[in-house]
Amino acid sequence: MSKIMEKLNMIGRKVDIITEGYTKDQIEQNIEHFIDDEKEILSSCCGYEPMGELHYDNESKEVEMVGLCSKCKDHADFEEV
Ligand SMILES: [Zn+2]
């Protein structure tokens, strides 16, 4: 895995989706674009941002994000909006 991919992984992006159709060179030249293009990720319970790190569950076909809701401080599913 390249440094760029590691960086994207660190900020929690689904790299294979956002980089689809781009060459590695294009990604490296436009890394800021990929980072700045981040969608908001909000909890399904309160609609608040996650507290701490999100964990991706890739075992099922649908990608789920699980983390702590910053409002109710409970475990919650998160979705991109
Ligand atoms: Zn909540």
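A residue is called buried when 20 or more other C-beta atoms lie within 10 Å of its own, exposed when there are 12 or fewer, and partly exposed in between. With that in hand, welcome to a short tour of this predicted model.

**View 1. The whole chain carries four helices and four strands.** Start here to get your bearings. Along the sequence, the elements follow the pattern α-α-α-α-β-β-β-β. The chain has 81 residues, and 9% of them count as buried. Among contacts with a separation of 6 or more, 40% link residues that are 24 or more positions apart.

**View 2. Confidence varies along the chain, from a low in helix H2 to a high in strand S1.** The average pLDDT for the chain is 78, and 68% of the residues score at least 70. Helix H2, residues 15–18, has the lowest confidence, with a mean of 66. Strand S1 has the highest, at 90.

**View 3. Four strands make an open sheet in the order S1-S4-S3-S2.** The pairing in this sheet is antiparallel. Which strands form its edges? They are S1 (41–43) and S2 (50–57), each of which pairs on one side only. From one strand to the next, the twist averages 35 degrees. As a general point, strands of a sheet pair through backbone hydrogen bonds, in either a parallel or an antiparallel way.

**View 4. Strand S2 runs antiparallel to strand S3.** Five bridges join S2 to S3, the strand of residues 64–69. You can pick out two of the pairs by name. Tyr 56 stands opposite Met 65 in S3, and Pro 50 has Cys 69 of S3 as its bridge partner.

**View 5. Met 51 sits in strand S2 and touches residues including Leu 68 and Lys 73.** Is Met 51 buried, exposed or partly exposed? Met 51 has 15 C-beta neighbours inside 10 Å, so it counts as partly exposed. Setting aside neighbours within four places in sequence, the contacts of Met 51 are Leu 68, Cys 69, Ser 70 and Lys 73. Ser 70 is 19 residues from Met 51 in sequence, yet their C-alpha atoms are 4.8 Å apart.

**View 6. Strands S3 and S4 pair in the antiparallel sense and form a hairpin.** Four bridges link these two strands. Look for Leu 68, which stands opposite His 75 in S4, and for Gly 67, whose bridge partner in S4 is Ala 76. Five residues lie between the two strands of the hairpin.

**View 7. Lys 73, in the loop between S3 and S4, has a positive phi of about 60 degrees.** Most residues other than glycine have a negative phi. Lys 73 is not a glycine, although its phi is positive. Is Lys 73 buried or exposed? Lys 73 counts as exposed because it has 10 C-beta neighbours inside 10 Å. Lys 73 is also one of the contacts of Met 51 seen in View 5.

**View 8. Lys 71 lies in the loop between S3 and strand S4, residues 75–80.** How many other C-beta atoms lie within 10 Å of Lys 71? There are 14, so Lys 71 is partly exposed. Not counting residues up to four places away in sequence, Lys 71 touches Cys 46 and Tyr 48. Cys 45 is worth finding here too: Lys 71 and Cys 45 are 26 residues apart along the chain, and their C-alpha atoms are separated by 9.3 Å.

**View 9. Edge strand S1 pairs with S4 in the antiparallel sense.** Three bridges hold the pairing of S1 and S4. To find one named pair, look at Ser 43, whose bridge partner in S4 is Phe 78. This view ends the tour at strand S1, where confidence is highest in the chain.

Key. Residues numbered from 1 in each chain as written. Predicted model: local features only at pLDDT ≥ 70, side-chain atom pairs only at ≥ 80, totals over all residues. Pairing = 2+ DSSP bridges. Axes fitted to C-alpha atoms, helices over the stretch in contact; angles between N-to-C directions. Contact = placed C-beta atoms within 7 Å. pLDDT = per-residue confidence, 0-100.
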